[in-house]
Every structure is written in structure tokens, then in C-alpha cells.
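I opened my notebook today to look a few things up in a structure, one small step at a time. Here is the entry, with the structure shown first.

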Amino acid sequence: MKCYSLLTAMILSILIFSNQESKAQDTKNFFSVTGGYSLPVGQLAREKLNDPLAGLAGSGHFGQVNFDHRIWRGFGFRLSGSLNVNKTNSDPIIEKANSYVQAIGRTYTWQSDVSEWKMGAVLFGPAIYLNMNRVQIEAHLQGGIVRASTPSVYLTGQGLTADGNIDPTATKVDVSLNHTIVKPIGFGAGASIRLPLFKALFFQISGDVIGAKAEVKDLAIVANVGGNPYSDRLNERRFIGVVNVGAGLGLAF
């Protein structure tokens, strides 16, 4: 009798679990929040000789909010909003500043004050879904608006003596790079793996690439070296982008 009761309980548990799993797999809406590591890609991330903007962006972190609506079991649409905050590498601007002070035959050491490099995006597009037992794999391709704020860099230079010490009599040199904001049309693509935790709650691991071809206008490096003004103005189109890898939680409903 005990064995019969135990067997009945096991069968009922399996049926209940399978029914809950089936409902989760057939859920039409998903809301998730993720965050993690961000790595810049494109011309602001790649180092290149004689290009003061190349290599300017460094690694950072991101946060992202997603809403998915499934029209059919394997197809739907995804709306995403994200914000990336990345470090700024002042070395390319220091290299440019050193080229300015070569004209007066001095070696300088530089103190830098930099702002962060930021990029936000609102993207929308189709998504596909593949259900594998309790795991759901999602992949998407999106388009939308990207808003990027390039960093500002301020350098203060002090001349050095022949033995490498600071020379208090040397003229101080200030070099600055102003920041600018661009709002190009961009794209996003990526995938996620979802694992249900409890009822409607699921755990998600995701990877995304977000990018755009942005037109940078009136970006200037300005310096004054011994009364001689220097200015390099940049007006051009550049590819900017990030690769985001992170994890988070979501609700299926």
C-alpha cells in the first residue's frame, strides 16, 4: 500500500512538473534585466598610429532591459534598452601632446583628467526561440537609435630636466579634447540562454554586439605651447560599438 501511494505521488509530481514546464515554454512575454562586462569595438577601440582617437575607449560595464513578445512558439519581437559606461584611455591624446612639445625641444610629463565614454541604445527587432527541455535559447537581430558621448580629456604638462625631474621653471602646457554627442541609427545582434528557477522567475546569460556608423563633428584637440596655439579638428565618420557579455534575471508571463 505504501509503495502504491509513493508511486502515485511520483507520477502526479512528474505530471504537475511537466505541465508547469509546458506552460513556461509556451509563455508569450518575457521581461529581463541583465548587466555585465563591456568591451568596445570599432575605430575608437583599435590602436592606430597618427590617429588621436584610436584606442581611446577601454573596457567597462553595461546594464540592459529587455521585453520579448512571442507571436508564435518559435518567433517574436524584442525591445531593448541599454547603457554602456566604459573607461577612457588618455594615452592617444598624450602621444599627440608629446608631438606638440617636441617643437620647443622639451620632454614633458602629463597629468590627465578624463571623463567616461558612454553609449546608450534603444533597439527593436525580430527574435527566434528554441526550447530544449527546461532551457530556452533566444537569438535576435535589432535596429534603432544609438546615443554615444565621446569622452573629454584634459592634460596638464610639466617640463622635465635632463635627469628626469620636474623643472619648476618650465612653462606648463595644457592640452584638451572636448567631448561630443552623436545619435546615429544603429544595430544590435545577440543571443541568450534562459533557465527557469522558480515559477515565473528565470536566470539568463546573454551576449550582444551593438554598433553604429557615427559622424563625429567639431571634435578638437587644442593646446598652447609656449604661446604657440595648436589645434587638430576632426570631422569624419567612424564605426563605434560594444560587445556585452552578462547575466541577469527575468520574468515569464
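In which strand is Ala191 found? I looked it up and found Ala191 in strand β10, which covers residues 185-198. I kept in mind that this is a predicted model.

**Around Ala191**

Is Ala191 buried or exposed, or somewhere in between? Its relative accessible area is 34%, so I noted Ala191 as partly exposed. Next I listed its contacts, leaving aside neighbours within four places in sequence. Ala191 is in contact with Glu138, Ala139 and His140, and also with Ile205, Ser206 and Gly207. I also checked a distance: the C-alpha atoms of Ala191 and Val209 are separated by 9.6 Å, and these two residues are 18 apart along the chain.

**A look at Gln136**

I then turned to Gln136, which lies in strand β6 (residues 135-149). Its relative accessible area is 5%, and buried means under 20%, so Gln136 counts as buried. Which residue shares a side-chain polar contact with Gln136? I found Asn131, with a polar contact of 3.1 Å joining the two side chains.

**The whole chain**

Stepping back, I wrote down two helices and 12 strands for the protein chain. From the N terminus on, the elements run α-β-β-β-α-β-β-β-β-β-β-β-β-β. The protein chain has 253 residues, and 41% of them are buried. About 13,900 Å² is exposed, with carbon and sulfur atoms supplying 63% of that area. For contacts between residues at least 6 apart in sequence, I noted that 74% join residues at least 24 apart.

**How confident is the prediction?**

The average pLDDT of the protein chain is 86, and 87% of the residues score at least 70. I marked residues 10-24 with a pencil, since their pLDDT is below 50. Beyond near neighbours in sequence, this stretch has four contacts in the model.

**The nonpolar cores**

I had a general idea to start from: in soluble globular proteins, nonpolar side chains tend to be buried together. How many residues does the largest nonpolar core have here? I wrote down 21, and those with the most contacts inside this core are Ile93, Trp110, Leu155, Val173, Val175 and Leu177. The elements giving two or more residues to this core are α2 (91-101), β4 (108-114), β7 (153-159), β8 (173-177) and β11 (201-225). There is also a second, separate core of 13 residues, and Ala121, Val146, Val182 and Ile240 are among them.

I picked Leu177 for a closer check, again leaving aside neighbours within four places in sequence. Its contacts include Leu53, Leu56 and Ile93, and also Leu219, Ala220 and Ile221.

**Aromatic rings**

How many aromatic pairs are there? The count comes to nine. One of the pairs is Phe67 with Phe253, which is tilted: the rings are 6.4 Å apart centre to centre, with 35° between the planes. Why does this pair tie together parts that lie apart in sequence? Phe67 is in strand β2 (residues 57-72) and Phe253 is in the segment after β12 (228-252), so the linked parts are 186 residues apart in sequence. I compared their surroundings too: Phe67 is partly exposed at 33% relative accessibility, while Phe253 is exposed, with a relative accessible area of 52%. My last note is a cluster in which ring pairs link Trp72, Phe75, Phe77 and Phe124.

Key
Residues are numbered from 1 along each chain as its sequence is written. This is a predicted model: local features need pLDDT of at least 70, side-chain atom pairs count only at pLDDT 80 or more; totals for chains, interfaces and linings use all residues. Side-chain values use heavy atoms; hydrogens and water are left out. Helices (H or I, at least four residues) and strands (E, at least two) are DSSP runs, numbered from the N terminus. Buried means under 20% relative accessible area, exposed over 50%, partly exposed in between (1.4 Å probe, protein chains only). Contact means heavy atoms within 4.5 Å. A polar contact is a pair of N or O atoms within 3.5 Å; within protein, one must be able to donate a hydrogen and the other to accept it, and residues adjacent in sequence count only if both atoms are side-chain atoms. A nonpolar core is a set of buried Ala, Val, Leu, Ile, Met, Phe, Trp, Tyr and Cys residues joined through side-chain atoms within 4.5 Å. Accessible areas come from the Shrake-Rupley method with a 1.4 Å probe; for residues, only the protein chains shown count as cover. pLDDT is the predictor's confidence in each residue, from 0 to 100. Rings of Phe, Tyr and Trp (its six-membered ring) pair if their centres lie within 6.5 Å; planes under 30 degrees apart count as stacked, over 60 as edge-to-face and the rest as tilted.
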